[in-house]
Amino acid sequence: MDTIHLNGHSLTLEDVVKVARCGCKVNLDPAAKAFVKRGAAIVEKWVQEERVVYGITTGFGDLASVIIPSEQSEILQENLLKSHASGVGEPLPEDIVRAIMLLRINTLIRGFSGISLETLSLLVDLLNKGIHPLIPSQGSVGASGDLCPLSHLAIALLGLGDVFYKGERMQATLALEKAGLKPIKLKPKEGLALNNGTAATTGIASLVIYDALNLAKAADIAGAMSLEALHGVPYAFDSRTHELRPHFGQRTVASNVRRLIEGSEIIEAFKGTRVQDAYSLRCIPQVHGASRDALDFVRQKIDIEINSVTDNPLIFPADGEAVSGGNFHAQPIALAMDFLGIAVAEFANISERRVARLVDSKLSGLPAFLMKNSGVNSGFMIPQYVCAALVSENKVLAHPSSVDSIPTSANQEDHVSMGAYAARKAQTILSNAQKVIAIEMLAAAQALEFSAPLKPGKGVYKAFQAIRERTPFLDEDIFMAPLIEEVLSLVKSGEIVREVEEEVGELD
C-alpha cells in the first residue's frame with residue numbers, strides 16, 4: 001500500500017480510513033519539516049528571552065496569570081500531560097486511535113504549534129509501527145480541545161501509560177523498547193501542542209461520516225428491496241417529479257431507486273394495482289434524500305477540520321508572534337455530528353416502518369410475519385421488535401449534545417462544545433441504524449421469495465443474491481440472531497453496496 005505524505009493541507013477522508021483501518025503508513029513532507037523547525041526555534045528563543053507567552057511561560061486555563069520560570073518550562077509541559085491524562089471509560093478502538101494520531105500529526109506538521117521535529121517524528125513512528133496509546137473514551141468537553149484524550153495519546157511519547165502493540169496491552173516503555181524507540185523529553189510548548197485541539201473529536205467524526213455515507217447507499221438498496229417485496233408501484237420515483245423540487249439528495253435517491261429496480265418483473269406485474277404507496281415507500285427519495293443532504297454538509301465540515309490547525313496559542317514565526325485564539329473549540333464538529341445523528345436516525349426510522357409493513361399480512365398481502373406456516377412459527381415477528389427497540393434508542397440519542405455547555409477551569413473556559421460526546425453518540429446511532437437496515441434487508445429477501453418466479457430489478461436481485469449466499473430462505477423458525485449478524489457484516493463492510501454497484505454501476 002502506498003505511503004501517505006502529510007503536509008497539513010491535502011489529507012482526505014479516504015486517506016484517514018486507509019491509515020485508520022488498513023494500516024497505511026505516513027511520512028512527513030520535506031518542505032513542511034522546515035516550517036516545524038522554524039516554529040520550534042522561535043519558541044526556544046522566547047523561553048530564553050523569558051517572554052510571557054501563554055502555555056510556554058505561563059500556567060494553563062485559569063492559571064494563565066501564573067508566570068513559570070524558564071528553567072521550569074520543560075517540566076511544565078510534562079506535568080500538563082500527566083495531570084490532564086485523567087480519562088475514564090472503555091478504551092477507544094484501534095481504528096479511532098489511529099485516526100486521532102493521524103490528525104494530530106497532520107495539524108502539527110503545519111508548523112504553527114511550536115513542536116519539535118524530533119517529537120513529531122516519534123509520533124509518526126508510533127503510528128507506523130502500530131503502537132496505539134490507550135485512550136479512554138470519556139473525559140473531553142470539546143474545548144479547550146480534547147485535552148483529556150489527547151493527553152493519553154501524548155504521554156505514550158514519554159513512556160507513560162499503557163498502549164496496545166501487536167495485539168497486546170502493555171506499558172508504553174516496554175512497547176517503545178520492543179519497537180526500537182526511546183521516550184522523549186518535552187521541550188517548551190510541546191505538551192500543549194500535543195493535547196490542545198480537536199483531533200479526538202474529529203478522528204471519531206471522520207470514521208462516522210465515512211460509514212454513514214456508505215449506509216446511505218445501503219438504505220437505498222434496502223428501500224428498493226422492500227418496495228419490490230411489497231409490490232410497490234414506481235410512480236413516486238419519476239424524474240419529472242423530482243425536477244420540480246430539485247433538492248440534490250432527493251434527486252439522487254430517486255435515481256438510485258430507478259436503477260435498482262430497472263428491469264423488474266415484479267414491478268411490471270403489479271404497477272397497475274394502485275396509483276400510490278404508503279409514505280415509507282413513496283417518500284424514500286424525500287426522506288433518504290434529506291438525510292443525504294445533511295451528510296454532505298457534515299462531510300464538508302470534516303474535510304475542512306482534518307486539514308486545520310486547532311491548538312492554542314498559535315505560533316506565527318514570520319511575524320514573531322504567539323496569538324491566543326479559540327481554534328480548539330469543537331463547535332463546528334459538534335453541530336455537524338448532532339446533525340449527522342439526526343440524519344442517520346431517520347434512515348433507521350423509515351426502515352423500521354418498512355419492516356413493520358413487511359411482517360403485517362393485513363398491509364403486505366404476504367404470509368403473516370413472512371412465514372408460510374405462521375402460528376407454530378413466529379418468523380420475523382421479533383426482528384421487527386428489535387428494529388423498534390433500536391429506533392427508540394436513537395430517538396433519545398438524537399437529542400443534540402451541542403446545546404449543552406458546562407463551565408470548566410474555574411469559569412475561564414465558560415462555554416464548551418461537548419463535541420467529543422456528539423461524535424461518540426453519532427457513532428452509536430450509526431451502529432443502531434446499520435442493524436436496522438440489515439434486518440430490513442434480511443426480511444425483504446425473505447419476502448421477495450413469495451413473488452417467485454417473478455424476478456426483481458437487477459440491482460435488487462444482486463442484493464438478494466448476496467444475502468442468499470449468507471442466509472437461507474426460512475420455511476420454519478431457526479436461531480435468528482446469526483442470520484442478522486451475517487447481513488450486518490455485509491452492511492458494515494460495504495460489501496453489499498460493492499456487489500450491487502458491480503451490477504448497476506456506482507450509486508450516487
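# Salt bridges, backbone details, a sheet and a pocket

Glu268 is exposed, with a relative accessible area of 52%, in what is a predicted model. Its salt-bridge partner is Lys271, and the closest N and O atoms of the two side chains are 3.3 Å apart. Lys271 counts as partly exposed, at 30% relative accessibility. Side chains of opposite charge can pair when their charged atoms come close, and the structure holds 24 salt bridges.

## Salt bridges

Another of these pairs joins Glu495 to Arg470, with 3.1 Å between the closest N and O atoms. Because Glu495 lies in helix H21 (residues 495-504) while Arg470 sits in the loop between helix H19 (458-468) and helix H20 (481-493), this salt bridge ties together parts that are 25 residues apart in sequence. Glu495 is partly exposed, at 24%, and Arg470 is likewise partly exposed, at 31%.

A further salt bridge is formed by Arg169 and Asp162, whose closest N and O atoms are 3.0 Å apart. Arg169 is exposed, with 51% relative accessible area, whereas Asp162 is partly exposed, at 27%. Salt bridges also link Glu14, Arg299 and Asp303 into a network, and Arg299 appears again in the description of the largest pocket below.

The accessibility of the paired residues, together with that of two residues discussed under the backbone, is set out here.

| Residue | Relative accessible area | Class |
|---|---|---|
| Glu268 | 52% | exposed |
| Lys271 | 30% | partly exposed |
| Arg169 | 51% | exposed |
| Asp162 | 27% | partly exposed |
| Glu495 | 24% | partly exposed |
| Arg470 | 31% | partly exposed |
| His231 | 18% | buried |
| Met418 | 14% | buried |

## Backbone details

Two cis peptide bonds can be described. One joins Ala143 and Ser144, with omega at about 0 degrees, and Ser144 belongs to the loop between strand S5 (136-138) and helix H6 (147-154). The other runs from Ala452 to Pro453, with omega near 10 degrees, and Pro453 is found in the loop between helix H18 (419-448) and H19.

Positive phi values are found in two residues that are not glycine. His231 has a phi of about 55 degrees and is placed in the loop between helix H9 (199-229) and helix H10 (239-243). Met418 has a phi near 60 degrees and is located in the loop between helix H17 (381-397) and H18. With the limit for burial set at under 20% relative accessible area, His231 counts as buried because its value is 18%, and Met418 is buried because its value is 14%.

## A sheet of three strands

An open sheet of 3 strands is arranged in the order S4-S6-S7, with antiparallel pairing. Strand S4 (131-133) and strand S7 (168-171) stand at the edges and have a single partner strand each, so one side of each is left without a neighbour in the sheet. From one strand to the next, the twist averages 35 degrees. Strand S6 (residues 162-165) runs antiparallel to S4 and is joined to it by 3 bridges, and within S6 it is Tyr165 that serves as the bridge partner of Ile131.

## The largest pocket

Rolling a probe the size of a water molecule over the atoms shows where empty space is left. In this model the largest pocket has a volume of about 580 Å³. It is lined by 24 residues, of which Tyr210, Leu213, Asn214, Lys217 and Arg299 are the closest to its centre. The lining divides into 7 nonpolar, 5 polar and 12 charged residues.

Which helices each supply at least two residues of this lining? They are helix H1 (13-22), H9, helix H11 (248-260), helix H14 (284-305), H20 and H21. H9 gives the most, with 6 residues. H21, which contributes to the lining, is also the helix that holds Glu495, the salt-bridge partner of Arg470.

Technical notes
Residues numbered from 1 in each chain as written. Predicted model: local features only at pLDDT ≥ 70, side-chain atom pairs only at ≥ 80, totals over all residues. Heavy atoms only, no water. Salt bridge = Lys/Arg side-chain N within 4 Å of Asp/Glu carboxyl O. Buried < 20%, exposed > 50% of the residue type's maximum accessible area, 1.4 Å probe, protein only. Helix = DSSP H or I, 4+ residues; strand = E, 2+ residues; numbered from the N terminus. Pairing = 2+ DSSP bridges. Axes fitted to C-alpha atoms, helices over the stretch in contact; angles between N-to-C directions. 1 Å grid on protein atoms, 1.4 Å probe; cavity = no way out; pocket = protein on both sides within 12 Å on 5 of 7 lines; lining within 4 Å. Points joined across faces, edges and corners; volume = space filled by probe spheres on them. Nonpolar A, V, L, I, M, F, W, Y, C, P; charged D, E, K, R; others polar.
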